[in-house]
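Q: Please take a close look at one loop residue and the residues around it. Please then relate what other parts of the model show about packing in the interior.

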Amino acid sequence: MSATPFPARPHGRPSRRTVLRGGLGALAASAVGGPLLTACGGDDSGGGGGKEMSFWNFYGPSDDQGPQSKWFVSLAEQWNANNDVKVKLRYIPGKDYLSGTTLQTAFQSGQGPDIFLISPGDFLRYYNGGVLQDLSSALPAESKADYLPGLLEARSVDGKIYGLPMEIEPLAMYYSEAAFEKAGLSEADLPKTWDQTLAVAQKLTGAKRNGVMFETLPGYYQNFTWYPFLWQGDGTPIKDGKVAFDSPAAVQALKFWQDTIKNKVAPRKALGDGGGDVVSNLGSGAVAMQQSGIWAVADLRTKAKNFKYGIIPHPTPDGGKPATDLGGWAFVANAKGKNPEAAAKFITWALGSTDAEGVERQRQWNTVVKTNVPPRKSVQTAADAKGAFGEGVLKKFVSEIAPTGKPEPRFPPEVYQPIADAIQACQLNGADPGKAAADAAAKIDTFLKTYQGAPIS
């Protein structure tokens, strides 16, 4: 873990390192936290026997009706054909779901969905808010054993499981082969260090193109993408139960992202759905290098199939070590929704089924309609049998990049937010990185002294 588990005081409701088998190599599983709910709950029929469950997500049914949207639509249709309690999908655009307040506002008004997606960064926000339904009794022992070590534990409290992961998503740097060629650069010029990144990005920057791009929108996703640069210097926000953010590692990571904007080699705002949207940014020619996750392989394959690109590990600071962050969304159920028990059964059927149909459904999601590292052993075996990670960028992701991964820390909002504020202040507003790190550390320290929620890790 990126931080030693912080021993929580007694709590109640409401009060990634794993070795993958076979050809997938060593890899870390994933977990995190995010901003606090002031009120939670479903609608007026909470905890009852409602016959329709709302499922909010950012995949489908979308306007483009792409493969990922179709997977979600098919999932709901399969369930609805065989169950009395139906699932109704509600699509929320990715930018609004990841960085907006749609979900939080819904819960604050008592109108939260019955089923929804959360990143590791949101787990403690919703758990501590009393929102999450225990899925343990609906998940067979065979299914539990099929998940890679650490994955269920990252979504658990006191041995109870509150979310089922659908994927594992390592981050890397993508680059445009055409942009490098146009700038007279070759594969030998691909940056390995932060200083090289700034120098190469300068050469790649032109009137209509920035040399490099990192996420600029504040939110859990930006924190998620920034953590590897903190880890490269052996930094961490919390260590041995105490704040550790006011460190040289934090200061240099804040300064590196700041320098990309200060040197005018990175944009202040991404196109499309933000910094993770490779098609709208790298694929359009707007940037030459871009940090994103393994999911972008499927996006480029579907929406820009003739675009030539490559990936490299995150460049490191002098004396630093390679690092990536391993994300992964999970299905969760609203404990105060219309039918929490049915929602739990839907989730465990959708993501935890170990029969041939269930394994194939997960193989399709993780290696066909989307590109991820599968979170279950049986799905990995099925993917390996199809050669999913046998060559190209996906092979590099699982053999070279993912083994350097760390789990996202499971932080509550009061830890996440000061870090987010520090990143924003330095990256876009020219704040002094040393002062920003110290200010964030002071806020985190104050919070930790009185924290009473689920364990921080």
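**A loop residue and its surroundings**

A: Leaving aside residues up to four places away in sequence, Asn-281 touches Met-213, Ala-270, Leu-271, Gly-274, Ala-286, Val-287 and Gln-290. The model is a predicted one. Asn-281 lies in the loop that runs between helix 9 (248-262) and strand 12 (289-293). Its relative accessibility is 1%, and because buried means under 20%, Asn-281 counts as buried.

Burial can also be followed along a strand. In a regular strand, side chains point alternately to the two faces of the sheet. Strand 5 (residues 115-118) is covered on both faces: Ile-115 and Leu-117 are buried on one side, and Phe-116 and Ile-118 are buried on the other. The pairing of strand 5 involves two further strands. With strand 3 (residues 52-57), strand 5 pairs in the parallel sense over two bridges; here Ile-115 of strand 5 is the bridge partner of Phe-55. With strand 15 (residues 330-333), strand 5 pairs in the antiparallel sense, over four bridges, and Phe-116 stands opposite Val-332 of strand 15.

The interior also holds enclosed space. The second largest cavity has a volume of about 30 Å³. Its lining is made up of Leu-171, Ala-172, Pro-313, His-314, Pro-322, Ala-323, Thr-324, Ile-401 and Thr-404. By residue class, the lining of the second largest cavity contains six nonpolar residues, three polar residues and no charged ones.

Technical notes
Residues numbered from 1 in each chain as written. Predicted model: local features only at pLDDT ≥ 70, side-chain atom pairs only at ≥ 80, totals over all residues. Heavy atoms only, no water. Buried < 20%, exposed > 50% of the residue type's maximum accessible area, 1.4 Å probe, protein only. Pairing = 2+ DSSP bridges. 1 Å grid on protein atoms, 1.4 Å probe; cavity = no way out; pocket = protein on both sides within 12 Å on 5 of 7 lines; lining within 4 Å. Points joined across faces, edges and corners; volume = space filled by probe spheres on them. Nonpolar A, V, L, I, M, F, W, Y, C, P; charged D, E, K, R; others polar. Contact = heavy atoms within 4.5 Å.
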